[in-house]
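The following exercises are to be worked with the sequence and the model at hand. Each task is followed by a solution in steps.

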Amino acid sequence: MIKAIFKERLDRPAAGLQIHRRHTQKRLVGFEVSGHAGYADSGEDIVCAAVTSAVQFSANAITDVVSANAEVIVDENLVGLILSDDSADERTQYGAQAILEALYLHLKDLSEQYRGTIRITVMEEK
C-alpha cells in the first residue's frame with residue numbers, strides 16, 4: 001500500500017506509499033510519499049511508476065519552473081517537499097500551490113482507480 005499524507009496547517013501560509021499534504025491557511029505547504037503500492041513486483045508496478053513520475057514532475061516544477069523556495073527530501077523510501085515559510089511573491093506562491101493541488105488530485109484519482117494501493121491522509125499542522 002502506498003500511503004499518502006497531505007498535512008494542513010491553518011495558522012499561516014508544510015505500509016505503502018504515503019503522501020503528506022501540508023497547507024497553511026487552507027493552502028498546501030508540502031507532501032511526503034513513501035512505501036510501495038503492491039500492485040505488482042518492484043520494478044513492474046505501474047502504480048508506483050505513476051506516483052513516482054507525478055512526484056518528480058511536481059518537485060521539479062515547483063523548484064525549477066516557478067522557482068519556489070522549498071526543501072526537497074529524498075531518502076531510500078521517502079520523497080518529500082516542504083515549501084519554505086518565506087515571503088515569496090504572490091505569483092510564485094500561486095504557482096507552487098497550483099502544482100501541489102494538481103499532485104493531490106492526481107494521486108486521489110490514482111487511489112480511486114487502483115483501490116487498495118494508495119492511502120491518502122490529510123493532516124492539519126499548526
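**Exercise 1. State in which element Val65 is found, and whether Val65 is buried or exposed.**

Solution. Val65 lies in helix H1; helices (H or I, at least four residues) and strands (E, at least two) are DSSP runs, numbered from the N terminus. This is a predicted model: local features need pLDDT of at least 70, side-chain atom pairs count only at pLDDT 80 or more, and totals for chains, interfaces and linings use all residues. Residues are numbered from 1 along each chain as its sequence is written, and side-chain values use heavy atoms, with hydrogens and water left out. Buried means under 20% relative accessible area, exposed over 50%, and partly exposed in between (1.4 Å probe, protein chains only). Val65 counts as exposed because its relative accessibility is 65%. As a last step, Val65 and Thr92 are 27 residues apart in sequence, and their C-alpha atoms are 9.5 Å apart in space.

**Exercise 2. Describe H1 from its start to the residue just after it.**

Solution. At the start of H1, a side-chain oxygen of Asp45 comes to within 2.9 Å of the backbone nitrogen of Val47. H1 has 20 residues and spans 27 Å from its first C-alpha to its last, close to the 28 Å expected at 1.5 Å a residue; the expected span is 1.5 Å times one less than the number of residues. The buried residues of H1 include Val47, Val51, Val55, Ser58 and Ile62. An α-helix has 3.6 residues a turn, so residues three or four places apart point the same way. Just after H1, Ser67 adopts a positive phi of about 60°.

**Exercise 3. Identify which element gives the most to the largest nonpolar core.**

Solution. A nonpolar core is a set of buried Ala, Val, Leu, Ile, Met, Phe, Trp, Tyr and Cys residues joined through side-chain atoms within 4.5 Å. The largest one has 24 residues, and Ile2, Phe31, Val51, Ile62, Leu81, Leu83 and Leu100 have the most contacts inside it. At least two residues of this core come from each of S3, H1, strand S5 (78-83) and H2. H1 gives the most, with eight residues. Leu83 touches Ile62 and Leu100, among others, not counting residues up to four places away in sequence; contact means heavy atoms within 4.5 Å.

**Exercise 4. Find the aromatic pair and state what parts of the chain the pair links.**

Solution. Rings of Phe, Tyr and Trp (its six-membered ring) pair if their centres lie within 6.5 Å; planes under 30 degrees apart count as stacked, over 60 as edge-to-face and the rest as tilted. This rule yields one aromatic pair. Tyr39 and Tyr114 form this edge-to-face pair, at 5.1 Å centre to centre and 80° between the planes. Tyr39 sits in the loop between strand S3 (27-35) and helix H1 (46-65), and Tyr114 in the loop between helix H2 (90-113) and strand S6 (118-125), so that the pair links distant parts of the chain, 75 residues apart. Tyr39 counts as partly exposed because its relative accessibility is 45%, whereas Tyr114, at 18%, counts as buried.

**Exercise 5. Determine where confidence is lowest and where it is highest.**

Solution. pLDDT is the predictor's confidence in each residue, from 0 to 100. The chain has a mean pLDDT of 81, and 76% of its residues reach 70 or more. Confidence is lowest in strand S2 (residues 17-24), at a mean of 52, and highest in H1, at 95. Over residues 7-16, pLDDT stays under 50. Where pLDDT is low, the predicted coordinates should not be read in detail.

Definitions and conventions:
A polar contact is a pair of N or O atoms within 3.5 Å; within protein, one must be able to donate a hydrogen and the other to accept it, and residues adjacent in sequence count only if both atoms are side-chain atoms.
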